[in-house]
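Subject: Structure for you to look at

Hi,

Here is the structure I promised to pass on. Have a look at it first, then read my notes underneath.

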Amino acid sequence: MVGAALDDCPFWKLLWYLRWISGLTAEHNLARTAAGMFGCLVAGRLVQTAVQQVAEDKFVFNLPDYENINHVVVFMLGTIPFPDGMGGSVYISYPDQSGIPVWQLLGFITNEKPSAIFKISGLKSGEGSQHPFGAMNIPQTPSVAQIGISVELLEQLAQQTPVASAAVSTVDTFTQFTQKMLDNFYNFATSFAVSQAQMTPNPSEVFIPANVVLKWYENFQRRMTQNPHFWKT
């Protein structure tokens with residue numbers, strides 16, 4: 001049917017038809033690429049892979065009820081890599097008290113680092129930063145934040161500075177507790193330090209030199225840094 005119809009078409013109609021078909025194919029491939037490249041995950045919710053493409057190199061995920069979200073994971077699905085020399089800057093947008101979207105840079109994902117976890121619960125409202133989504137009309141409603149991914153050159157990504165509060169600590173809770181306990185013990189013990197001239201002789205008490213406590217403190221810190229689980233051996 002199509003072949004017979006094309007045989008009777010003038011050349012200009014044939015050219016228009018080919019261009020139309022080509023445009024549909026390119027648009028389909030672009031949308032398919034966007035849908036199969038990125039994912040977004042919030043604990044307790046389904047994984048999002050239906051990303052919204054707002055520009056040729058800009059993508060957006062919606063985060064409903066963002067006030068109750070502590071962390072968000074942005075990742076590549078592994079089916080389509082970034083072009084050589086390219087990566088993705090990850091932003092979050094949420095409405096301020098006036099309903100105006102505030103964008104903040106969270107971090108980056110690349111072919112070498114295809115996933116990243118960000119802490120969004122500690123972000124300060126109203127402290128926006130420069131972003132590449134300003135000229136786009138992206139619908140936004142109250143209680144809905146948006147994760148934006150902008151595909152950019154790796155050289156450009158290296159010049160950008162994410163908000164410090166979005167970084168997730170790589171130190172586990174036990175290590176943090178141990179460090180706090182060390183600090184507390186050392187500070188408590190040294191608060192009673194006196195010089196030999198200030199000491200009152202007491203045969204019933206045993207005194208430990210302050211430099212011995214300091215040496216133990218430094219050695220324990222060093223071993224914890226090298227291997228947080230050294231105490232198990």
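Below is what turned up, starting with the overall layout.

A word on the basis: this is a predicted model, in which local features need pLDDT of at least 70 and side-chain atom pairs count only at pLDDT 80 or more, while totals for chains, interfaces and linings use all residues. Residues are numbered from 1 along each chain as its sequence is written, and side-chain values use heavy atoms, with hydrogens and water left out.

The protein has five helices and eight strands; these are DSSP runs numbered from the N terminus, with helices being H or I of at least four residues and strands being E of at least two. From the N terminus, the order is α-α-β-β-β-β-β-β-β-β-α-α-α. Of its 233 residues, 27% count as buried. By that I mean under 20% relative accessible area, with exposed being over 50% and partly exposed in between (1.4 Å probe, protein chains only).

Now the largest pocket. It holds about 490 Å³ of space, a volume being the space filled by probe spheres set on grid points that are joined across faces, edges and corners. A pocket here is an open set of points on a 1 Å grid over the protein atoms alone, where a 1.4 Å probe fits, with protein on both sides within 12 Å along at least five of seven lines; lining residues have an atom within 4 Å of a point. There are 14 lining residues, and Phe-192, Ala-193, Ile-208, Pro-209 and Ala-210 lie nearest the centre. Helix H4 (173-190) and H5 each supply at least two lining residues, and H4 gives the most, with four. The lining divides into twelve nonpolar residues, two polar and no charged. In that count, Ala, Val, Leu, Ile, Met, Phe, Trp, Tyr, Cys and Pro are nonpolar, Asp, Glu, Lys and Arg are charged, and the others, Gly among them, are polar.

On the surface, Phe-174, Phe-177, Met-181 and Trp-231 make a nonpolar patch of about 430 Å². Such a patch joins nonpolar side chains (Val, Leu, Ile, Met, Phe, Trp, Tyr) within 5 Å, from residues with over 30% relative accessible area and no salt bridge. The areas come from the Shrake-Rupley method with a 1.4 Å probe. Trp-231 lies in the segment after helix H5 (210-226) and is partly exposed, at 44% relative accessibility.

How many salt bridges does the structure hold? There is one, counted as a side-chain nitrogen of Lys or Arg within 4 Å of a carboxyl oxygen of Asp or Glu. Asp-57 pairs with Lys-58, their closest N and O atoms being 3.0 Å apart. Asp-57 is partly exposed at 30%, whereas Lys-58 is buried at 7%.

The loop between strand E3 (58-64) and strand E4 (71-76) contains Tyr-66, and Asp-65 is found there too. Asp-65 has a positive phi of about 55° although it is not a glycine; most residues other than glycine have a negative phi. Asp-65 is partly exposed, with a relative accessible area of 37%, while Tyr-66 counts as buried at 18%. The C-alpha atoms of Tyr-66 and Tyr-94 are 8.4 Å apart, with their positions 28 residues apart along the chain.

Lastly, Ala-164 sits in the loop between helix H3 (154-158) and H4 and is exposed, at 68%. Ala-164 and Leu-106 are 58 residues apart in sequence, yet 8.3 Å apart from C-alpha to C-alpha.

Cheers

Terms used. Patch = residues over 30% accessible without salt bridge, like charges linked within 9 Å, V, L, I, M, F, W, Y side chains within 5 Å.
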